[in-house]
Amino acid sequence: MKIILLGAPGAGKGTVAKLLMEADGSIQISTGDLLRAAVKEGTELGRQAKGYMDRGDLVPDSLIMDMMEIRLQEKDCRQGFLLDGFPRTIPQAEALKEVMKRLDISLDFVVNLDVPRDIILDRLTTRRTCANGSCQEIYNTKSNPPNADGTCKKCGSPTIQRDDETEGAILNRLEVYNEKTAPLIGFYQGEGLLKTFLSVNSKDTVEAVIKALKE
Ligand code: ADP
Ligand code: ZN
């Protein structure tokens, strides 16, 4: 499958992507994960991106497009991919359209995850992430807690609250989403690619997406 996952921070893009990945071996490409890895490795991209990320602001489009144009040409993308957290702005969506035309890739559709705001806020403040860069399992202190001592159930590393998951940064990320990313809903509607899923439970959403793919 070749899908873009659209939705506010906390809408469950990562969880839905991981479940869809298990369904047919398509890979999840999360720009957030790629950027965090670059920050951790201390690459030039990471150095340039870190400040924006810690504030909950968007990383400049040109940096994202350079990174993604390379990523989309890697071999593992041929089978299929789930774009998680990209595109995030109209210029990124327009640039992606050009890149895909050039690489002769076409999308199945764009999945818009529509989640009520109170659920989003609750999810973001209770989220914990495994600190191990090659695991990054996501937990929720209420609905899916890590081990009692706060370590990851999968790999035993500590779980942490991300720098951009403090209350101020969360409110900023939601504002940035409404201003910069929500307009993509109209953009992809215009392209005839948009499918909106009212999404409270990620498993139900994944079933609905797989059903839509078969239609
Ligand atoms: P979330 O979707 O939960 O906000 P992500 O892990 O997708 O978090 O992204 C974390 C941060 O990485 C964002 O707040 C932003 O600073 C940066 N980022 C990720 N993807 C993009 C993108 N496509 N364009 C610009 N910045 C991005
Ligand atoms: Zn882990």
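Here a colleague and a modeller talk through a predicted model.

Colleague: Let's start with the metal. What makes Cys130, Cys135, Cys152 and Cys155 the protein donors of the zinc ion (ligand 2)?

Modeller: Distance. A donor here is an N, O or S atom within 2.8 Å of the metal. The SG atoms of those four cysteines lie 2.3 to 2.4 Å from the zinc ion, so they count as donors.

Colleague: And why is the site of the zinc ion (ligand 2) called tetrahedral?

Modeller: Look at the angles. Four donors get that label if all angles lie between 85 and 135 degrees. The angles among the four donor atoms of this zinc ion are 96 to 115 degrees, so tetrahedral it is.

Colleague: How are the donors of the zinc ion (ligand 2) spaced along the chain?

Modeller: They follow C-x4-C-x16-C-x2-C. Take the pair Cys135 and Cys155, which links distant parts of the chain, 20 residues apart. Cys135 sits in the loop between β5 (127-130) and β6 (138-140), while Cys155 is in the loop between β6 and β7 (159-160).

Colleague: Is Cys155 buried, partly exposed or exposed, and how do you know?

Modeller: Its relative accessibility is 35%. Buried means under 20% and exposed means over 50%, so Cys155 falls in between and counts as partly exposed.

Colleague: Next, Gln136. What stands out about the phi of Gln136?

Modeller: Phi is positive, about 50 degrees, although Gln136 is not a glycine. Gln136 lies in the loop between β5 and β6.

Colleague: How do you know whether Gln136 is buried or exposed?

Modeller: Its value is 18%, and the cut-off for buried is under 20%, so Gln136 counts as buried.

Colleague: What about Asp104, buried or exposed?

Modeller: Asp104 comes out at 71%. That is over 50%, so the word is exposed. Asp104 also has a positive phi, near 60 degrees, in a residue other than glycine, and its place is in the loop between α5 (90-103) and β4 (109-114).

Colleague: Why is β4 said to be largely enclosed by the rest of the structure?

Modeller: Because five of its six residues are buried. As for its partners, β4 is joined to β1 (residues 2-6) by four bridges and to β8 (residues 194-198) by five. Both pairings run parallel. For instance, Ile4 has Val110 in β4 as its bridge partner, and Leu113 stands opposite Phe197 in β8.

Colleague: On to empty space. How many cavities of 30 Å³ or more does a search of the whole structure find?

Modeller: One. The largest cavity has a volume of about 40 Å³, and that is over the 30 Å³ asked for. Its lining includes Leu5, Lys13, Phe86, Pro87 and Thr181.

Colleague: What kind of peptide bond runs from Phe86 to Pro87?

Modeller: A cis one, with omega near -5 degrees. Pro87 is in the loop between β3 (81-84) and α5.

Colleague: Last one: which residues lie closest to the centre of the second largest pocket?

Modeller: Asp33, Arg36, Ala37, Gly133 and Gln136, out of 30 lining residues. The space in that pocket is about 750 Å³, and α2 (31-41) gives the most to the lining, with seven residues.

Colleague: How does the lining of the second largest pocket divide?

Modeller: Into nine nonpolar, eight polar and 13 charged residues.

Key. Residues are numbered from 1 along each chain as its sequence is written. Chains are lettered from A and ligands numbered from 1 in the order in which they are written. This is a predicted model: local features need pLDDT of at least 70, side-chain atom pairs count only at pLDDT 80 or more; totals for chains, interfaces and linings use all residues. Side-chain values use heavy atoms; hydrogens and water are left out. Donors are N, O and S atoms within 2.8 Å of the metal (3.2 Å for Na, K and Ca); water is not among the atoms, so sites may look incomplete. Four donors count as tetrahedral if all angles lie between 85 and 135 degrees; four count as square planar and six as octahedral if opposite donors are over 155 degrees apart and all others between 65 and 115; anything else is irregular. Helices (H or I, at least four residues) and strands (E, at least two) are DSSP runs, numbered from the N terminus. Buried means under 20% relative accessible area, exposed over 50%, partly exposed in between (1.4 Å probe, protein chains only). On a 1 Å grid over the protein atoms alone, a cavity is a set of points where a 1.4 Å probe fits but cannot get out, and a pocket is an open set with protein on both sides within 12 Å along at least five of seven lines; lining residues have an atom within 4 Å of a point. Grid points are joined across faces, edges and corners, and a volume is the space filled by probe spheres set on the points. Ala, Val, Leu, Ile, Met, Phe, Trp, Tyr, Cys and Pro count as nonpolar, Asp, Glu, Lys and Arg as charged, and the others, Gly among them, as polar. Two strands pair if DSSP finds at least two bridges between them.
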